[in-house]
Amino acid sequence: MENVFGYITIAASNSTNEAKRNADFVCTGKNDELVIQQGIDECQKQNKNLYFMNGIYNINGFYDFNDGGPKTAICVPSTWREFIILGQGHEYGFQKSYDNGVTLYIHDDAFDAAPGEQVDVVRSGWTARGIQNGASLRLENLAIILDNNHHKVRCVDLRRTDRAECKNITLVG
């Protein structure tokens, strides 16, 4: 397996050994959102996109990105280009299992950082002007699972994204 051209790759703690060896970043299974954010920041520096290897990514916190937007686990920069977050694989149709693709698993303790607040799992950078013209976000082949759906949460917040394309996204809560 070779690294995916044009992408920064991230492997989960339960990804295959081959995927972990070839990934740019490997998550530990706790607070994976921090490693994912490092990968996104590296994408910004290298003008690349993000590729998730199959596995379960454990989200244990929401953070203030000091841009005026709601706390979020993962913040994609508002750029003047299309930013792609692509999962390696995903089961089409009725999903029977969530361990055979890319899953962002939001643990109940993640909400401890923002008690009672509306939070986002994934969002674009916030701008005072509203939508960032030219900022395009493409999400593909991802499952987002909430451990507990008794919280105020937007799984994918596209309110500040000019052009959004979501393909094969599963939301479970």
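Contact means heavy atoms within 4.5 Å. The exercises below use a predicted model.

**Exercise 1. Find the surroundings of D32.**
Which residues does D32 touch, not counting residues up to four places away in sequence?

*Solution.*
Step 1. Locate the residue. D32 lies in helix α2, which covers residues 32-46.
Step 2. List its contacts. D32 touches C27, I56, Y57 and N58, leaving out residues up to four places away in sequence.
Step 3. Look at the backbone nitrogens. The D32 side chain reaches that of N58 at 2.8 Å. It also reaches that of T28 at 3.3 Å.
Step 4. Check for a charged partner. D32 is buried and has no salt bridge. The nearest side chain of opposite charge is K30, 9.6 Å away. A salt bridge needs a nitrogen and an oxygen within 4 Å.

**Exercise 2. Examine three salt bridges.**
How many salt bridges does the count come to? Work through the pairs E42 with K45, D67 with R123, and R138 with E140.

*Solution.*
Step 1. Recall the principle. Side chains of opposite charge can pair when their charged atoms come close.
Step 2. State the total. The count comes to eight salt bridges.
Step 3. Take E42 and K45. Their closest N and O atoms are 4.0 Å apart. The two residues are three apart in helix α2, so about one helical turn separates them. K45 is exposed, at 66% relative accessibility.
Step 4. Take D67 and R123. Here the closest N and O atoms are 2.9 Å apart. This pair links distant parts of the chain, 56 residues apart. D67 sits in the loop between β4 and β5, and R123 in strand β8. D67 is partly exposed at 23%, whereas R123 is buried at 0%.
Step 5. Take R138 and E140. Their side chains meet at 3.2 Å, N to O. R138 is buried at 18%. E140 is buried too, at 15%.

**Exercise 3. Place strand β6.**
Is strand β6 largely enclosed or largely open?

*Solution.*
Step 1. Check burial. Five of the six residues of β6 (residues 82-87) are buried, so the strand is largely enclosed by the rest of the structure.
Step 2. Find a pairing. Strand β3 (residues 49-52) pairs with β6 in the parallel sense, over three bridges.
Step 3. Name one bridge. Y51 has L86 of β6 as its bridge partner.

**Exercise 4. Search for disulfides.**
How many disulfides does a search of the whole structure find?

*Solution.*
Step 1. Recall the bond. A disulfide joins the sulfur atoms of two cysteines covalently.
Step 2. Give the result. The search finds zero.
Step 3. Look at two cysteines. C75 is buried at 7% relative accessibility, and C155 is buried at 13%.

Definitions and conventions:
Residues numbered from 1 in each chain as written. Predicted model: local features only at pLDDT ≥ 70, side-chain atom pairs only at ≥ 80, totals over all residues. Heavy atoms only, no water. Disulfide = S-S within 2.5 Å. Buried < 20%, exposed > 50% of the residue type's maximum accessible area, 1.4 Å probe, protein only. Helix = DSSP H or I, 4+ residues; strand = E, 2+ residues; numbered from the N terminus. Lys, Arg positive; Asp, Glu negative; His and termini not counted. Polar contact = N/O pair within 3.5 Å; in protein donor to acceptor, adjacent residues only side chain to side chain. Pairing = 2+ DSSP bridges.
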